[in-house]
Every structure is written in C-alpha cells, then in structure tokens.
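Student: Please take a close look at the strands and their pairing. I would like the neighbouring parts in the same answer.

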Amino acid sequence: MSDKYVLFTQDITMRFGGLNALDSVTIGLKKGELLAVVGPNGAGKTTFFNVVSGIYKPTSGTVWLKGKEITQKPPFLIARNGMVRTFQNLGIYDNLTVIESVCVAMHRKFLKNNLMKTLKGFLVPWDTNKPEAMTILEFIGGFKGIENELCINLPYGFQKYLEIARSLAMGPEVLLLDEPAAGLNQSEKTEISRIIKKIVSSGVSVMLIEHDIKMVSNISDRIVVLDYGKQIADGVPKDVICDPKVISAYIGKPVTSAEIEAGSGGCDPVTVSVQTGQAASADE
Ligand SMILES: Nc1ncnc2c1ncn2[C@@H]1O[C@H](COP(=O)(O)OP(=O)(O)OP(=O)(O)O)[C@@H](O)[C@H]1O
Ligand SMILES: [Mg+2]
C-alpha cells in the first residue's frame with residue numbers, strides 16, 4: 001500500500017450467512033480525493049462503510065487508515081484517529097437547536113475511553129465549543145440567523161447539511177458520507193454538491209455513497225462501482241459511466257454530458273463523449 005492512500009482496503013469479504021455482501025473488495029482513497037461508491041440497492045455500499053468504520057468486523061481482508069491497520073479497531077477509536085462517517089438515515093437530535101447539535105458532536109471528540117477521562121470530558125461545559133461550532137456552520141453556509149432554531153423545525157435539506165456540519169465537528173481527515181443527497185430536490189443537491197466540494201478543497205478526503213450518477217459524475221475524482229458485493233469498475237467518471245458492465249448492472253442507459261451538466265445544477269461538468277438516447281435516472 002503506498003503513502004498516497006489515506007484509506008486502503010485489501011480484499012474485504014463480508015459474509016452474512018450464505019450471502020457475500022462484499023466479495024474481495026480492494027479500494028484505496030487517495031489524500032484529498034473525492035471518491036464515489038455507487039451501485040444498485042443491496043450492492044454492499046453501506047456494508048463497506050460499516051466495515052471500514054469498525055461497525056462490522058470483516059470475514060476476511062484488511063483496512064488501513066493513514067498507513068496503520070485498523071481492521072479490528074472499535075468505531076470510537078477509528079473516529080478519533082480521523083475517520084468520521086454519516087449514516088444513511090438522519091441522526092439529528094430533534095430537541096436540540098442547530099448550534100447545540102454541532103456542539104454536542106464536537107464534544108464527543110474530547111471523550112476518552114477510560115472512566116476518569118470520560119468523566120472529565122463530560123465535566124467540560126458543552127457550550128465552550130460554541131465559537132468553533134459557529135465557524136463550522138459558517139463554513140457550510142446557509143445557517144445564518146437559524147442557529148438557534150430547533151433541529152426538528154429545519155427543512156429536510158437543512159437537516160442533511162446539518163448532519164454534514166456535525167460530522168465536521170469531529171475534525172475528520174477522512175469523511176465517509178452515506179447518501180447525503182437522498183431525498184433532496186435538484187437545488188438542494190446542487191447545494192450539497194457545493195458543500196462536499198468545499199470540504200474536499202479544505203483538505204478532507206471524502207468517500208461518497210450516492211445514487212444520483214449525474215451528481216457523482218460531476219463532482220467526483222473517481223468512481224468505484226459495486227454490484228452484488230463485487231467491484232465491477234474503478235476509474236474516472238467519464239470512463240466509468242461509459243463502461244458497458246456499469247451500464248448494464250446499474251445505469252441502464254448511457255448518460256449524456258448535457259444531462260450531467262443539467263443534473264449538476266451548475267457545477268463544472270465532466271467531459272464525456274455525448275451519447276444519444278435518454279439516460280435512465282439511477283435515483284432511488
Ligand atoms: N447486518 C446484516 N445482516 C444480514 N444481511 C445484511 C446485513 N447488513 C447488510 N446485509 C445485506 O447485505 C447486502 C448489502 O447491503 P447494503 O446495505 O450494504 O447495500 P447498499 O449497497 O448500501 O444498498 P442501498 O443502496 O439500498 O443502501 C444486502 O443484501 C443486505 O440485505
Ligand atoms: Mg446503503
């Protein structure tokens with residue numbers, strides 16, 4: 001494994017009874033890269049995140065974070081070592097305000113794994129983190145004037161942006177985003193694309209699970225495609241979306257450059273050879 005990878009998995013297999021949810025998956029995330037992981041429902045994308053973030057122990061295979069093996073490490077230790085993830089379902093605290101929910105997420109990074117240190121962590125008032133939490137919300141953008149709103153009152157799109165803000169509060173070097181754009185409309189997808197690109201520009205390496213192939217083609221440096229737990233493609237967007245294996249397993253029909261541009265809502269389009277025919281949406 002070379003130094004250029006901040007996260008690397010070698011031959012990860014995850015078996016549930018007779019089902020191979022992941023079958024010898026080898027994926028490397030380069031420093032400063034935005035890597036998308038796509039594939040049909042049940043392809044193994046979330047399982048892959050669960051394995052690399054320590055929630056599942058793989059049946060076989062190895063995971064390295066910043067050159068250190070983390071395969072058997074617990075999730076809290078992996079998070080403290082710089083890899084943070086979001087979940088497919090929103091984990092927002094309804095009864096907290098926006099700023100409080102970011103402070104709580106930030107507070108977690110001070111908690112330690114032995115009792116005395118944990119108690120000490122709890123004794124630090126959570127709102128000492130408010131200025132840093134405000135900086136994160138300003139970085140994400142759009143929260144000015146609604147920092148003291150209850151999370152439950154936020155529009156769904158803002159709840160998704162807030163979830164990303166909360167993941168940044170943990171200070172990640174590697175960020176795993178599981179379908180951050182699920183359920184969003186086109187303008188919200190444009191906004192979340194902007195936020196993700198800004199995070200990558202700030203130096204965080206990002207792995208993104210997303211079903212909108214136009215969106216991922218637009219913003220990602222590279223795309224890995226999983227199908228029935230197997231890696232069927234790994235390359236730059238313009239090659240992957242034209243790969244017949246990917247079209248047949250997932251996309252359905254070729255995606256045109258015009259559709260990618262339109263789908264992105266204004267991000268820099270990737271250069272792809274224009275195909276005829278209507279693209280099928282890979283949205284859920
Ligand atoms: N804890 C588990 N026990 C048994 N089977 C599981 C478990 N977790 C995942 N699976 C199975 O593994 C396969 C891959 O699931 P996974 O959730 O990783 O898919 P996915 O690619 O994230 O799909 P989606 O796009 O719908 O989110 C599925 O067949 C799923 O039912
Ligand atoms: Mg999933």
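Tutor: The sheet comes next, then the ligand shell, then a few other sites. This is a predicted model, so local features need pLDDT of at least 70, side-chain atom pairs count only at pLDDT 80 or more, and totals for chains, interfaces and linings use all residues. Residues are numbered from 1 along each chain as its sequence is written, while chains are lettered from A and ligands numbered from 1 in the order in which they are written.

Start with the sheet. Four strands build an open sheet, in the order β2-β1-β4-β5, with antiparallel pairing. Strands here are DSSP runs of E, at least two residues long; helices are runs of H or I, at least four; both are numbered from the N terminus. Two strands pair if DSSP finds at least two bridges between them. The edges are β2 and β5 (68–69), and each of them pairs on one side only.

Now go pair by pair. Strand β1 (residues 5–16) is joined to β2 by eight bridges, and the two run antiparallel. One contact to pick out is I12, whose bridge partner in β2 is V25. Five bridges link β1 and β4, again in the antiparallel sense. There, T13 stands opposite S60 of β4. Two bridges connect β4 to β5, also antiparallel. L65 faces K68 of β5 across that pairing. One general point applies to regular strands: their side chains alternate between the two faces of the sheet.

The turn deserves a stop. The hairpin of β4 and β5 has two residues between the strands, and K66 in that hairpin takes a positive phi near 45°. K66 is not a glycine. K66 sits in the loop between β4 (60–65) and β5. K66 counts as partly exposed because 17 other C-beta atoms lie within 10 Å. The cut-offs are 20 or more such atoms within 10 Å for buried, 12 or fewer for exposed, and in between for partly exposed, with C-beta atoms placed from the backbone.

Y228 has a positive phi of about 45° too, and is not a glycine. Its place is the loop between β9 (222–227) and β10 (230–235). With 16 other C-beta atoms within 10 Å, Y228 is therefore partly exposed.

Strand β2 also leads to the ligand. Around ligand 1 lie F16, L19, A21, G39, N41, G42, A43, G44, K45, T46, T47 and Q88. The elements giving two or more residues to this shell are β2 (19–30) and α1 (45–52). A residue is near a molecule if its C-beta atom, placed from the backbone, lies within 6 Å of it. The largest share, three residues, comes from α1. By class, the shell has four nonpolar residues, seven polar and one charged. Nonpolar means Ala, Val, Leu, Ile, Met, Phe, Trp, Tyr, Cys or Pro; charged means Asp, Glu, Lys or Arg; the others, Gly among them, are polar.

Two helices finish the tour. The ends of α7 (residues 186–201) lie 22 Å apart at C-alpha, in agreement with the 22 Å expected for 16 residues at 1.5 Å a residue. That expected span is 1.5 Å times one less than the number of residues. Buried residues in α7 include I192, I195, I196 and I199. Just after α7, G203 takes a positive phi of about 110°.

S217 belongs to helix α8 (residues 213–219). S217 is buried because 27 C-beta neighbours lie inside 10 Å. Its C-alpha atom is 8.5 Å from that of V236, 19 residues apart along the chain.
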